[in-house]
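Welcome, and please open the model in your viewer with the selection tool ready. We will go stop by stop, with something to select at each one.

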Amino acid sequence: MEEDLPQISGLATVLIVINNQIVTIQIDGFNAPITGGNFVDLVERNFYDNVRFHRIENQPEFSLVQAGDPFSRNLDISLELLGNGNFVDPITNETRFIPLEIKALGIEKPIFYNEIISPPVRLPNLEGAIGMARLGTLNSASSQFYIPLNDLPVLDGSFAIFGNVIDGLDVIKQAELGDSITAARVTEGIVPSRVSEIITNTNLLNSFINIVNRANIPLSIDFFAELTAEDDIFEISTKLSQEVFGVLASAGNDQIRGSIINDVINGNQGNDSLDGRDSSDYIRGGKGLDLLFGNLDDDILNGNLDNDTLLGGKGDDFLRGGKDNDFLVGGEGNDILIGDSGTDNLRGESGADTFVLAVIENQENNTDTIEDFNFLEGDRIGVSEEIYNLIFIQQGNSTVIQKEGGNNINNNILGIVNNSFAEEVKSATFLVDFSNISIPDALPSGDAALRIG
């Protein structure tokens, strides 16, 4: 049934890396919600990573490239034998096919399913478009896509287009048979399969994941600005921020100040001071005792290793301590604070903040302290255990959250909530899915917010 297939309702952007070069594709969920949704869903599964281009046509009137056969990941399989592979859901073991989906050109014209229609169509087979390959059966498209290298009006009305290459078409034209897609990632748009109890704001959740996807897409160092191994004092210009994927510090105790637009800053090694300044930034501390400032707008701060201090500032910030003992301050806004491993101190300050506590296996002391839980402001506490397995113990002005029958030596105290009432803490506590089992071609498991940072 069409309603059971993944769909998107707006635009999305996918970055594809081929031969260490970037291709940017805009997906049109307005006019191809199922076809675009299917592709975005497969990208979200990392399905296209290491898939090879198995077909290239270079005829004067018919030129295109084609990829998406999962069997092409196997370098022992000859390209001549490829072209019949489809996406098989690893959970259900069923092959997914999608209907032929074509929207007629014109105001209020409908989308037709499993019908060949006469042109003109809303999404034609122009040079640089992206469409779904299929067999003779109209609903036989699955995972294989093609990109026309010249206009192919002969395909209009018979093959579903769902977007366009908006940058990097020259990379596609230079591709050769057997070239692989290193990685494909969604970097803009709303992906319906991203679900979180930690971040209930869908737009914020997707914005954070998209930022991390773009920053972490596998590229060579050439795409980043790399600092020296000395103690650098560096201010990122707006021009530089637009030209590179991020700034990487090296060894040394560095001071890096962001630009007025979105920045990606990685402190790497040393005791660094990293200030995002304006706009929404992604800041990673790396190794060493780091001080991270988000400042304005919605920032992602990750202390990573060692004992770090994270200050979100103004905006709805995502703070993640990483390993060791960290101090996290959300600041003004509805912030998310995750201590991770170590004994962390979490302070949300103003706004409806979300604190996340977890028992880390094989770590004796992982008890985090929440300094300023405020039930009336809408503060919440996410935990890694079912609520019925927990007890909430009032100790003076604080509440201890503990696994029933447990003790601190056995690492069963999840957290201490200062200046709180046990009943209010219990009412504000919810279960977080911390699972991280990775199955090839499956959607990422666990709470989607845990992919951030």
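A residue counts as buried here when its relative accessible area is under 20%. Keep in mind throughout that this is a predicted model.

**Stop 1: helix H1**

Select residues 33-44, which make up helix H1. Which residues of H1 are buried? They are Pro 33, Ile 34, Thr 35, Gly 36, Gly 37, Asn 38, Phe 39, Val 40, Asp 41, Leu 42, Val 43 and Glu 44. That makes twelve of the twelve residues in H1, a helix that is mostly covered. If you draw a distance from the first C-alpha of H1 to its last, it reaches 16 Å, close to the 16 Å expected at 1.5 Å a residue.

Now step just past the end of H1 to Asn 46, where phi is positive, at about 60°. Keep going to Asn 50, in the loop between H1 and E3. Asn 50 also has a positive phi, near 70°, and is not a glycine. Most residues other than glycine have a negative phi. Is Asn 50 buried or partly exposed? Asn 50 is partly exposed, because its relative accessible area is 47%, which falls between the 20% and 50% cut-offs.

**Stop 2: the sheet under H1**

Show the strands as a cartoon and look for an open sheet of eight, ordered E3-E4-E8-E7-E9-E2-E1-E10 with antiparallel pairing. Its edges are strand E3 (53-59) and strand E10 (181-188), each of which pairs on one side only. From one strand to the next, the twist averages 25°.

Zoom in on strand E7 (residues 129-132) and strand E9 (residues 161-167), an antiparallel couple joined by three bridges. To find one matched position, select Ala 129 and look opposite to Asn 164 in E9.

With the sheet still displayed, bring H1 back. H1 lies across strand E1 (11-18), strand E2 (21-28), E7, strand E8 (145-148), E9 and E10, and makes an angle of about 120° with E10. A second helix, H3 (residues 202-216), also packs on the sheet, where it touches E1 and E10. The direction of H3 makes about 150° with that of E10.

**Stop 3: helix H3**

Stay with H3 and select its 15 residues. From first C-alpha to last, H3 reaches 21 Å, close to the 21 Å expected at 1.5 Å a residue. Colour its buried residues next: Leu 204, Leu 205, Asn 206, Phe 208, Ile 209, Asn 210, Val 212, Asn 213 and Ala 215. What do the buried residues of H3 pack against? Their partners are E10, strand E15 (264-266), strand E17 (282-284), strand E19 (300-302) and strand E21 (318-320).

**Stop 4: a cis peptide bond**

Go to the loop between strand E6 (111-113) and E7, where you will find Pro 120. Check omega for the bond from Pro 119 to Pro 120: the value is near 10°, and the bond is cis. Most peptide bonds are trans.

**Stop 5: parallel strands**

Select strand E25 (residues 354-356) together with strand E27 (residues 380-383), which pair in the parallel sense over three bridges. Thr 354 stands opposite Arg 380 in E27. Next add strand E31 (residues 429-431), which pairs with E27, again in the parallel sense and over three bridges. Here Ile 381 has Thr 429 of E31 as its bridge partner.

Before leaving this stretch, select Asn 419, in the loop between strand E30 (413-417) and helix H5 (422-427). Asn 419 has a phi near 50°, a positive value in a residue other than glycine. Asn 419 counts as exposed because its relative accessible area is 57%, and the cut-off is over 50%.

**Last stop: the whole protein**

Zoom out until everything fits in the window. The protein has five helices and 31 strands. Its radius of gyration is 25 Å, close to the 22 Å that the globule rule gives for 453 residues, so the protein is as compact as a globular protein of that length. Along its principal axes, the C-alpha trace spans about 80 × 50 × 50 Å.

Colour by accessibility and 54% of the 453 residues count as buried. The protein exposes about 19,800 Å², and carbon and sulfur atoms supply 48% of that area. Among contacts between residues at least 6 apart in sequence, 46% join residues at least 24 apart.

Technical notes. Residues numbered from 1 in each chain as written. Predicted model: local features only at pLDDT ≥ 70, side-chain atom pairs only at ≥ 80, totals over all residues. Heavy atoms only, no water. Helix = DSSP H or I, 4+ residues; strand = E, 2+ residues; numbered from the N terminus. Expected span 1.5 Å × (residues − 1). Buried < 20%, exposed > 50% of the residue type's maximum accessible area, 1.4 Å probe, protein only. Pairing = 2+ DSSP bridges. Axes fitted to C-alpha atoms, helices over the stretch in contact; angles between N-to-C directions. Contact = heavy atoms within 4.5 Å. Rg over C-alpha atoms; globule rule 2.2 N^0.38 Å. Areas by Shrake-Rupley, 256 points an atom, 1.4 Å probe, with all protein chains shown as cover.
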